[in-house]
Structure formats: C-alpha cells, structure tokens
Amino acid sequence: MKSSSTIKMVDLNGQYLRIKDEIDDGIRKTIESSAFINGPAVREFRENLGRYLGGIDVIPCANGTDALQIALMALGLKPGDEVIVPAFTYVSSAEVIALLGLTPVMVDVDPRTFNVTVGNIRKALTSKTKAIIPVHLFGQSCDMEPIMEFAAGHGLYVIEDNAQALGADYCFSDGHRVMTGTIGDIGCTSFFPSKNLGCYGDGGAIFCKDKELAGKIAMIANHGQKIKYHHSVIGCNSRLDTIQAAILNVKLRHLDEYSSARRKAAEYYTSKLRAFDPGEKFFETPADCPSKGSHVWHQYTLKVRNGLRDALKAYLANLGIPSMIYYPLPLNEQQAYKGIAREGEPLPHSKECAGSVLSLPVHTELTADVQDEIIASVIGFFSKTV
C-alpha cells in the first residue's frame, strides 16, 4: 500500500515557506542593490558565521569541494605528499587530493560512528604523510582530541571536512566544547541545498584561526590576489554569490532551531526502532556519543543486517517512502582511485558499511505522524522476514 502522503528525504520547500518573508526580503534587497558579486550580504554572512563559530576567520567560496581544494593549496604541499582520508565518505575529500597531484591514503572508519579514528590514522603514517582530513560524517564529530595530539606529535596538518556537521560541537576531555570545523588548522564546509545550513544553489566556506593563513586562503580563492591585478600566489576563482549569502544570513539565524528539530526526529526514530529490535537482530540504529559532543543528524543512517538492505530499500520505495544509500562503494574501490590512492591498511569496516547502510528521511519539517508511517513500514518489512 502506497504512502498516504508525499514523504521527502529533505523538505526544502516546506522549510522555505516557514521563512519565506525573510528569504524573499534578502533576495529582493540584493537584486535592488545589483551588488551580485562580493556584495554587502557576503561580508555580513562572513562575520555572522565567524561569530557563530566562536570567533574565527571565515572565507566564503563557491562550494564545499573548492573549500577543500583551496585549503590544501594554502598549505604548500608538494606532489607525492600523502594526505590521509577516510575510505567511507563522499568523494570530494579524496578528489581534491588527487587533483593537486597529492596521494590520497584511504583508511578505515569506526563501524558504529562511521568516522575515522586515530588508531586507523596511526597505521597509515609514513614519512610522506603531511596532512589528515577527518570527515565529520552524517552530523557527528570525529574524536578530534587524540587526532589533534597525533597530528601535533608528527607535524601534520589537519583539515576538517565539516560539510555534514555545521552546528555540531566537540567536547574535549577537560570539558570545554568547541564547534566542529574550528579545531584543526583549517575547516571546510558546503552550503549545498540539502545541508543543515544550505543555500539555494552552490556555496561553501573555509574556516581558519591563523590570521596569516586565513589571508593566504582568501587570496587563493580570489585569483591569488590581495590587491586587484597584483597576483601573489597561484589561485582560483571561487566566490559565494551575494544572493546565496543573503539566503544563508537568514538561515543561519535558524540553524540551532534546525539542529534541534533534526535531533528530536533522530531520537524519536531511535526510541521506536530500538523498542522493536532491542537486540539489534535486524539493524543497528546510528550511534550518538553525547560525551564527545553534539550530533546534528545530517543523516539518520541504519546498518541493515543479513544482506537485507537493498530489499528494505525496495520495499520502502514501493510504499512511496524514500531512502538513500550513503555511500554504496568505499573510495578505495572507486575506479578513479585505483593506481592513485594508497590504502593504509585493510578496510573491512568501510566495505561493511557500504554494503549495509540505509538513510531514512530526516529534516527540519519532519513530523511525528510521518515518522510513524516510516517506522511502521520498516518494522513491517522485518516482521515479514521473521
């Protein structure tokens, strides 16, 4: 039986309608000003996001992939230098490494949090290792304290891929909390529309505590120039459009509210699904490690047991319920990286995750009634398999 309502993985239209007047006003003012490139809204957003993140330099750019590439360019790495990256993640983190002639080194992830760990990073270290890109996957921070200690002990740069965890924080062992993306040498994020803080097109940003390095990043993103027509370094052209900045200025004011809504939805899923399958016979609900910081639930991702993931996905689709597989193939198995990347160690957890993960709808407009329909359908599938 088909779903009685239209269920969406992400309800961007519903979110827009709740803030329509604010969004429309920001777009109108930008169009009226005709300051479409580097207009006042870009400067305003840069300052607002910097304050939100605890006081840090923010360099807006065209998208999250550009943010990662510019970050690596700013560090002055040389062809052949190795950069450690998790194998279970989106391709951008490895893509920019390869584009710059560096060597991506794929490492395994924790099977519960989906995040890279210092133990797996340690196994991949060689004399060529120069940097680490921890990816805060699905909205939860990597365990950054030991990663930062390891990096400091071996003279490595740390670039945080914070595209899925903007608004989350990390708790150090002494109790102080820091926003993800501001812990490493450089942080990067994406404002792709479906992100927790998303614009209505492409956009990204880079975060940096070091003023000198932040200045270099800003130059690289602007054709390598600080003064117009005077090019100090090789750069690129990567700008956040003023209209997108105006939209992000509005949505940034709602980001904590959005995170709270996602957290509430995730907790509801977990309570109901664990009540059905307390022994995790059929699936694992996603880990939430509050002692290590807050989770902003960019995705709510089950690990389906017994090879039933694809069958569950098809069953839900037949009922009109969307779901997604993030990600069906680990990076070390992608054709593009064979012969380019180096695997630090065997990667059994990345392969197992790729074969079992399934993300259910989670977004700011999700209601308990819709969740009940999704949960009942998941339970219905497994009840029939007993």
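Of the 386 residues of the protein, 54% count as buried. The model is a predicted one. The protein exposes about 16,300 Å². Carbon and sulfur atoms supply 53% of that area.

The fold contains 13 helices and 15 strands. The radius of gyration is 21 Å, close to the 21 Å that the globule rule gives for 386 residues, so the protein is as compact as a globular protein of that length. The C-alpha trace spans about 70 × 55 × 45 Å along the principal axes. Contacts often link distant parts of the chain. Among those between residues at least 6 apart in sequence, 74% join residues at least 24 apart. The protein carries 40 positive and 43 negative charges. The mean positions of these two sets are 2 Å apart.

The largest nonpolar core holds 71 residues. Within this core, Phe88, Ile159, Ile186, Ile217, Leu273, Tyr300 and Leu360 touch the most other members. Tyrosine 300 illustrates such contacts. Not counting residues up to four places away in sequence, tyrosine 300 touches Ala266, Tyr269, Thr270, Leu273, Thr285, Pro286, Leu358, Ser359, Leu360 and Val362. Apart from the largest core lies another core, of 21 residues. Its members include Ala41, Ile56, Leu166 and Leu252.

Two strand residues, threonine 103 and glutamate 82, were examined together. Threonine 103 lies in strand E3, which covers residues 103-107. With a relative accessible area of 17%, under the 20% cut-off, threonine 103 counts as buried. Leaving out residues up to four places away in sequence, threonine 103 touches Gly80, Asp81, Glu82, Val83, Ile97, Ile340 and Arg342. Glutamate 82 is thus among the contacts of threonine 103. Lysine 128 stands 25 residues from threonine 103 along the chain. The C-alpha atoms of the two are separated by 9.2 Å.

Glutamate 82 belongs to strand E2, residues 82-86. This glutamate is buried, with a relative accessible area of 6%. Beyond four places in sequence, glutamate 82 touches Thr103, Val105, Thr126, Lys128, Thr129, Lys130, Ala131 and Arg342. Arg342 is listed as a contact of threonine 103 and as a contact of glutamate 82. Lys128 is also in contact with glutamate 82.

Two serines were then considered. Serine 350 is placed in helix H12, residues 348-356. Its relative accessibility is 0%, and serine 350 counts as buried. With residues up to four places away in sequence set aside, serine 350 touches Ala87, Phe88, Val107, Asp108, Val109 and Pro330. One of these contacts, Phe88, is among the residues of the largest nonpolar core that touch the most other members.

Serine 194 is found in a loop instead, between strand E8 (186-190) and strand E9 (204-208). This serine is partly exposed, with a relative accessible area of 22%. The value is over the 20% limit for buried residues. Serine 194 touches Val10, Leu12, Arg262 and His298, not counting residues up to four places away in sequence. Valine 91 is 103 residues from serine 194 along the chain. Their C-alpha atoms are separated by 17 Å.

Several loop residues show notable backbone geometry. Most residues other than glycine have a negative phi, and most peptide bonds are trans. The peptide bond from tyrosine 326 to tyrosine 327 is cis, with omega near 15°. Tyrosine 327 sits in the loop between helix H11 (309-318) and strand E14 (342-343).

Glutamate 280 has a positive phi, near 55°, and is not a glycine. Its place is the loop between helix H10 (255-276) and strand E12 (283-284). At 23% relative accessibility, glutamate 280 counts as partly exposed. Tryptophan 297 likewise has a positive phi, of about 50°. This tryptophan lies in the loop between E12 and strand E13 (300-304). At 3% relative accessibility, tryptophan 297 counts as buried. Of these two loop residues, then, glutamate 280 is partly exposed, whereas tryptophan 297 is buried.

Terms used:
Residues are numbered from 1 along each chain as its sequence is written. This is a predicted model: local features need pLDDT of at least 70, side-chain atom pairs count only at pLDDT 80 or more; totals for chains, interfaces and linings use all residues. Side-chain values use heavy atoms; hydrogens and water are left out. Helices (H or I, at least four residues) and strands (E, at least two) are DSSP runs, numbered from the N terminus. The radius of gyration is taken over C-alpha atoms; the globule rule is 2.2 Å times the number of residues to the power 0.38. Buried means under 20% relative accessible area, exposed over 50%, partly exposed in between (1.4 Å probe, protein chains only). Contact means heavy atoms within 4.5 Å. Accessible areas come from the Shrake-Rupley method with a 1.4 Å probe; for residues, only the protein chains shown count as cover. Lys and Arg count as positive and Asp and Glu as negative; His and the chain ends are not counted. The place of a charge is taken as NZ of Lys, CZ of Arg, CG of Asp or CD of Glu. A nonpolar core is a set of buried Ala, Val, Leu, Ile, Met, Phe, Trp, Tyr and Cys residues joined through side-chain atoms within 4.5 Å.
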